[in-house]
Amino acid sequence: MSPDPRSPSRFLWSLLRARPGLLVFAPITGSLWLLPPAVLPLVLGRALDTGIGGGDFSALFGWIGVVLLLGVVQAIGASSLGWVDHTLWLHGAGSSERAVLHHVAGLGGALTRRVRTGEVVAVGSSDIYQVGKAFEILGRISGALVAFLVSGTALLTISPVMGVIALAGVPLATLGIGPLLRPMRHREETQRENLAGLSTLAADIVSGLRVLRGIGGESRFRARFTEASARVREAGVAAGRVSAWLAGAEILLPGLVTVLVTWVGARMALAGTISPGELVAFYGVSGFLVIPVRTATEAAGTWASAIVSAGRACALLRLRPEPAEPAEPRSLPDGPLTLLDETTGVRAEAGELTVIDALGKGEELAERLTWHTAQGRVLAGDVPLDEVGTAELRRRIVLVHNQDLLFSGPVRDELDLGGIDVPRALHAADAEDVLDALEDGVLSERARTLSGGQRQRLLLARALCADADALVLDEPTSAVDAHTEARIVRRVRELRSGRTTVVLSQSPLWRTVADRIRAVEGSSA
């Protein structure tokens with residue numbers, strides 16, 4: 001079941017519903033963990049009154065047995081809760097990460113146009129852990145609630161006045177912490193926004209490092225990165241300042257309740273209204289109630305952070321691929337495809353190599369011919385591309401941009417798309433020397449160790465391996481020298497014989513092998 005991205009709370013709840021067993025087990029283990037220390041002061045008070053004060057040693061030993069039993073129950077509850085907490089953390093972090101990454105992987109070109117580079121990185125490296133922390137605390141907050149109700153009920157049965165003080169004081173102390181949560185959430189959002197911007201800037205700097213060194217721009221971008229890092233640090237300090245106040249309030253406010261209960265209880269014990277054992281019970285329970293309050297405060301802060309993180313994930317999950325999947329997909333005609341762009345009137349005949357002079361609009365036309373952008377109307381045969389399923393469309397009509405990426409790993413695995421074998425594709429792209437230059441035939445991330453011309457030839461080789469029915473190449477040889485381009489032009493022509501190939505280029509070498517030469521209106525043919 002996919003998470004619900006309509007709101008952060010719906011997103012978190014849909015993830016939780018996927019593991020109903022954990023939702024049931026979490027409050028049980030939390031109660032087993034926290035009920036024994038909640039009941040322990042009451043047991044000690046009874047042991048003091050009946051066993052020691054009443055001189056009944058058999059009753060005293062009986063209460064000692066109860067204390068030992070409570071210890072065993074808490075040990076079992078603590079070990080079980082540890083497993084549940086960790087499993088919930090893994091479920092929250094892992095499920096949100098899988099959902100987001102699976103979704104953005106299907107967005108195609110829409111991702112880079114609509115989302116900053118650092119946004120996906122920040123979600124995958126930071127936000128998913130906030131979701132995991134929110135799930136992890138479910139068992140403890142459930143146990144804290146149960147323990148609070150049980151101990152509060154017990155106090156009311158002993159002394160209504162003292163019970164009301166404890167039961168009213170603890171929630172009021174918790175509410176007193178509430179005003180700190182809003183500024184904490186706001187400052188965490190600010191820090192998160194700055195962190196995403198810093199990740200984007202870092203990615204841009206790394207990807208353009210070769211160019212920056214060439215133009216002497218390293219110092220300027222270092223200064224920009226330092227300034228952005230300082231903003232992230234300042235936002236983190238501001239968020240930490242609120243967190244520090246929150247931590248102090250967790251101790252101060254419940255402590256005031258404990259002091260009040262102790263003072264009132266001591267006066268009642270001196271007046272003979274309650275017994276010494278009941279005073280011990282009240283003091284112990286009021287001291288214990290600090291734990292539920294602290295757990296509730298921790299849960300509130302954790303969920304506030306998780307809401308912010310879930311909102312970021314929802315923003316990505318609400319994005320839709322461009323163009324959208326058709327409701328009733330149609331199939332493309334078999335064999336080589338004729339492509340017609342009705343916006344410009346440009347037509348590429350089936351099975352031919354067509355060279356198009358697009359007068360600086362090659363990228364726009366290339367994305368339209370392959371339907372990577374939902375603009376205009378393009379036909380493959382007599383079928384509009386907006387009516388074709390995305391899987392078939394991407395398999396049969398392939399676009400090659402100079403901005404396409406090569407990922408790290410063995411180069412042959414990166415190029416092999418299951419069509420034409422890799423050696424033939426490398427030969428056609430005149431890229432055998434690139435393969436020989438790679439250490440152990442392994443690419444670095446984004447092939448940063450290669451020159452622009454080397455990367456361009458490997459991108460062309462990968463596209464040729466797909467053996468697509470229609471291949472659209474946008475300036476495929478702009479970064480290579482004329483001799484290399486001449487070999488590539490001739491070999492691609494031979495390899496793609498009988499298949500539709502569209503080359504957007506002003507190079508005269510491509511024109512010499514073209515079956516047809518087209519021009520967008522206003523360009524030179």
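This report walks through a helix, the nonpolar cores, a surface patch and some salt bridges in a predicted model.

Let's start with helix H12, which runs over residues 290-317. Its 28 residues reach 39 Å from the first C-alpha to the last, close to the 40 Å expected at 1.5 Å a residue. H12 is also mostly covered, with 20 of the 28 residues buried.

On to the packing. In general, nonpolar side chains in soluble globular proteins tend to be buried together. Here the largest nonpolar core has 39 residues, and the members touching the most others are Leu 426, Leu 443, Leu 458, Leu 464 and Trp 510. Helix H18 (residues 452-466) supplies the largest share of this core, 7 residues. A second, separate core holds 27 residues, including Leu 22, Leu 111, Ala 313 and Leu 319. Back in the largest core, take a look at Leu 426: leaving out residues up to four places away in sequence, Leu 426 touches Leu 415, Ala 431, Glu 432, Leu 435, Leu 458 and Ala 461.

Some nonpolar side chains sit on the outside, too. Val 24, Phe 25, Ile 28, Leu 32 and Trp 83 make up a surface patch with about 470 Å² of accessible area together. Helix H2 (residues 20-53) gives the most to this patch, 4 residues, while Trp 83 lies in helix H3 (residues 57-105).

Now for the charged pairs. The count of salt bridges comes to 16, and three of them are listed here.

| Salt bridge | N to O distance | Separation in sequence |
|---|---|---|
| Asp 341 and Arg 368 | 3.0 Å | 27 residues |
| Glu 352 and Arg 516 | 2.5 Å | 164 residues |
| Arg 487 and Asp 430 | 3.0 Å | 57 residues |

In the Asp 341 pair, strand S1 (residues 339-341) holds Asp 341 and helix H13 (residues 362-369) holds Arg 368. Both residues are buried, and together with Glu 364 they are linked in a network of salt bridges.

The Glu 352 pair joins a loop to a strand: Glu 352 lies between strands S2 (346-348) and S3 (353-357), and Arg 516 in strand S11 (residues 516-519), so parts of the chain 164 residues apart are tied together. Arg 516 is partly exposed, at 33% relative accessible area.

As for the Arg 487 pair, Arg 487 belongs to helix H19 (residues 482-495), while Asp 430 is in the loop between helix H16 (422-428) and helix H17 (432-437). The two ends have their own burial states: Arg 487 is partly exposed, with a relative accessible area of 30%, whereas Asp 430 is buried at 10%.

Conventions:
Residues are numbered from 1 along each chain as its sequence is written. This is a predicted model: local features need pLDDT of at least 70, side-chain atom pairs count only at pLDDT 80 or more; totals for chains, interfaces and linings use all residues. Side-chain values use heavy atoms; hydrogens and water are left out. Helices (H or I, at least four residues) and strands (E, at least two) are DSSP runs, numbered from the N terminus. The expected span of a helix is 1.5 Å times one less than its number of residues. Buried means under 20% relative accessible area, exposed over 50%, partly exposed in between (1.4 Å probe, protein chains only). A nonpolar core is a set of buried Ala, Val, Leu, Ile, Met, Phe, Trp, Tyr and Cys residues joined through side-chain atoms within 4.5 Å. Contact means heavy atoms within 4.5 Å. Patches are made of residues with over 30% relative accessible area and no salt bridge: like charges are joined within 9 Å, nonpolar side chains (Val, Leu, Ile, Met, Phe, Trp, Tyr) within 5 Å. Accessible areas come from the Shrake-Rupley method with a 1.4 Å probe; for residues, only the protein chains shown count as cover. A salt bridge is a side-chain nitrogen of Lys or Arg within 4 Å of a carboxyl oxygen of Asp or Glu.
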